[in-house]
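Here is my note on the model you sent, set out as numbered points so that you can follow each one against the picture.

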Amino acid sequence: MDLRARIDTSPMRPYQWLIVGLCVVLNILDGFDVMALAFTAKSIGADFALGGAEIGILLSAGLIGMAVGALGLAPIADRIGRRPLILASVAMATLGMALSATAGSAWELGTWRVITGLGIGGILACTTVIASEYSSARWRGLAISIYTAGYGVGATLGGIAAVSLQAEYGWRSVFVVGAILTGVVLAILALLLPESLDFLTSRGRASDLDRVNLIARRIGQEPVGSLDAPTGTEPAKAGRISDLFSGSNMRPTMLLWAAFFATMFGFYFINSWTPSLLETAGLTKDQSATAGMMLTLGGTVGSILFGLLASRWTTRAVLITFTLSSALAMAIFIVSISTLTVAFALGIVIGGLINGCIAGLYTLAPSLYAPTVRTTGVGAAIGVGRAGAILAPTAVGVLLDSGWTPEQLYFAVAGVVVLAAVALFAMKPARAESTAPTAEPARADAP
């Protein structure tokens, strides 16, 4: 068996889990950054005399940067390597957070938020791939699920830090702490994070052989004798967006984009609007806030549950089940809010299911592409998903203003999430299993 096949079929070694852990830390930074601004928005608005619309633009600036970063920076990783782009992206995020603390106007802060988002977008595209490539087939779903759960941890820590720090030192201190933490992580990554083995072996340079064998020994694999570039591979042409629409890549790319967009639309609708809509539907402010917390609580549990299930069944089958269940739970949730116990329990279920869907997409996406275009494909899908995240709050606001009820909105968004399941059901493996990490090599993610 080649090195890729050996990694897929071997037990996970401590060094592999360390790599996954580093990726988890990077995803924690995403959650910290998003919630840090959300919790300081009121203080920032008061400092710069901003209205609601202007604060909304600031909140969207980071998401826009993430979408552009995932789409624009990810192809570079397929040309120069995952590790260099991760380090450059973390450095960019560190710079953006540090400059955010110095902003003298809303325009400056918005600019630094975009820069921070660009860095995080590049990080997300690469770390998803790195975590997937260094995981065995059996535990890949769990590894990516743990990685996905890092967002919730970061969001919680970001919220706690924002509340305590700004009360004592002002809102700028939150970004100072974020910059320091990100800088520390950058130093740790420079010491511990290896390059992607799939990238090095697919590039096929003889000069990479010692590097590949050093990493192989660290993960308990026998060294290889040579690196031969796969037939037809042209490293200089790696990382082209156009390759996502050529040959057998086009169908899975379009279906993956549809699934990411619809799922992220539903995810951000649930997390952004649920407390407000429940209050509109008749719950008190405290009850609505509690329901929102139930969603967050369920998120971490759901991500891990997805990974455990994906270790026994195919990623795609579990993902389709989670997606359809999410839509059903949303519909039941909004008609059950009169019974608080049921509503809170369903809130945990919805949060778990929709977060499990995100974990599933992150697990599935790398398996659809060859190493030379893998980060490009994953980054593009994440960028399209972020577009859905940006659109969801705005679209729901417009529909509310036009007279839609909370029940109608929940049913409509549940329908959008069902479209993600349709796209996943129509998806077929885009390429031979032997050339990419897959969740279940023997079953090719068949439904």
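1. How much area does the protein expose, and what share of it do carbon and sulfur atoms supply? In this predicted model, the protein exposes about 17200 Å², and 69% of that area is supplied by carbon and sulfur atoms.

2. As for the overall build, the protein has 15 helices and zero strands, and buried residues make up 56% of its 447 residues. Among contacts between residues at least 6 apart in sequence, 82% join residues that are at least 24 apart.

3. Turning to the interior, the largest nonpolar core has 100 residues, and those with the most contacts inside it are Leu189, Leu256, Phe269 and Met330. Helix 10, which covers residues 250-280, provides the largest share of this core, namely eleven residues. There is also a second, separate core of ten residues, with Ile44, Leu58, Ala101 and Leu109 among them.

4. On the surface, a nonpolar patch is formed by Leu18, Val176, Ile180, Val184, Ile188, Leu191 and Leu192, which together have about 620 Å² of accessible area. Helix 7 (residues 172-192) gives the most to this patch, with six residues. Val176 lies in helix 7, and this residue counts as partly exposed because its relative accessible area is 38%, a value between the limits of 20% and 50%.

5. Finally, please look at helix 6 (residues 140-169), whose 30 residues reach 42 Å from the first C-alpha to the last, close to the 44 Å expected at 1.5 Å a residue. Helix 6 is followed by Gly170, which has a positive phi, near 95°.

Terms used: Residues numbered from 1 in each chain as written. Predicted model: local features only at pLDDT ≥ 70, side-chain atom pairs only at ≥ 80, totals over all residues. Heavy atoms only, no water. Core = buried A, V, L, I, M, F, W, Y, C linked by side-chain atoms within 4.5 Å. Buried < 20%, exposed > 50% of the residue type's maximum accessible area, 1.4 Å probe, protein only. Helix = DSSP H or I, 4+ residues; strand = E, 2+ residues; numbered from the N terminus. Patch = residues over 30% accessible without salt bridge, like charges linked within 9 Å, V, L, I, M, F, W, Y side chains within 5 Å. Areas by Shrake-Rupley, 256 points an atom, 1.4 Å probe, with all protein chains shown as cover. Salt bridge = Lys/Arg side-chain N within 4 Å of Asp/Glu carboxyl O. Expected span 1.5 Å × (residues − 1). Contact = heavy atoms within 4.5 Å.
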